[in-house]
Amino acid sequence: MIMLYGSQQDYDALAGRPGDGPAWSAEEAAAMHAFMGEWNEELVKSGEFVDAQGLTAPVHARRIRLREGVPVVTDGPYAETEEVLAGYTIVECDSFDRATQIAARLANTPHPESAAARDWYVDIRPIDEWQAEPEL
């Protein structure tokens with residue numbers, strides 16, 4: 001699984017709403033979406049694509065924690081969390097090295113020059129295929 005990260009500020013900027021930094025222009029957002037579409041299409045053509053989904057902005061999230069045995073719900077975004085999972089792509093390929101090559105191509109994702117200062121990263125983790133045997 002290739003996990004992509006972002007922040008509420010990233011979602012706002014991509015939607016054209018300036019916040020801590022400048023907003024993305026419609027052309028910049030279109031270039032990023034076109035790049036991601038081509039990247040996904042290449043994975044489909046190679047037979048390595050399994051699934052991909054983008055997630056809504058953190059403002060639409062809820063966190064549930066246990067406090068003294070009682071679930072407590074907090075609406076997002078979360079002040080203690082700057083970056084959240086923004087989306088994922090699942091690939092099925094020959095090796096972890098190949099998954100790394102696929103994910104490294106995302107470093108070329110178009111972005112506004114003003115966004116270049118933010119640290120960019122994705123995480124890659126194998127999916128645990130262990131499943132408990134059902135009790136009969």
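**Overall fold, core and hairpin**

The protein chain contains 3 helices and 6 strands. These elements come from a predicted model, and along the sequence they follow the pattern β-α-α-β-β-β-β-α-β. Of the 136 residues in the protein chain, 26% count as buried. The accessible surface comes to about 9700 Å², with 52% of this area belonging to carbon and sulfur atoms. Contacts across the sequence also deserve a look: among those in the protein chain with a separation of 6 or more, 70% are accounted for by residues 24 or more positions apart.

Turning to the interior, the largest nonpolar core has 16 residues. Those with the most contacts inside this core are Ile2, Met36, Trp39, Val91, Ile102, Leu106 and Val122. At least two core residues are supplied by each of strand S1 (2-6), helix H2 (26-46) and helix H3 (96-104). H2 provides the largest share, with 6 residues. Val91 offers a helpful point from which to view the surroundings: leaving aside residues up to four places away in sequence, Val91 touches Ile2, Leu43, Glu48, Val50, Ala99 and Ile102. Two of these partners, Ile2 and Ile102, are themselves listed with Val91 among the core residues with the most contacts.

A hairpin rounds off the picture. Strand S3 (residues 62-67) pairs with strand S4 (residues 70-75) in the antiparallel sense, over 6 bridges. Within this pairing, Leu66 stands opposite Pro71 in S4. The hairpin formed by S3 and S4 has 2 residues between the strands, and in this turn Glu68 has a positive phi of about 55°.

Technical notes. Residues numbered from 1 in each chain as written. Predicted model: local features only at pLDDT ≥ 70, side-chain atom pairs only at ≥ 80, totals over all residues. Heavy atoms only, no water. Core = buried A, V, L, I, M, F, W, Y, C linked by side-chain atoms within 4.5 Å. Buried < 20%, exposed > 50% of the residue type's maximum accessible area, 1.4 Å probe, protein only. Helix = DSSP H or I, 4+ residues; strand = E, 2+ residues; numbered from the N terminus. Contact = heavy atoms within 4.5 Å. Pairing = 2+ DSSP bridges. Areas by Shrake-Rupley, 256 points an atom, 1.4 Å probe, with all protein chains shown as cover.
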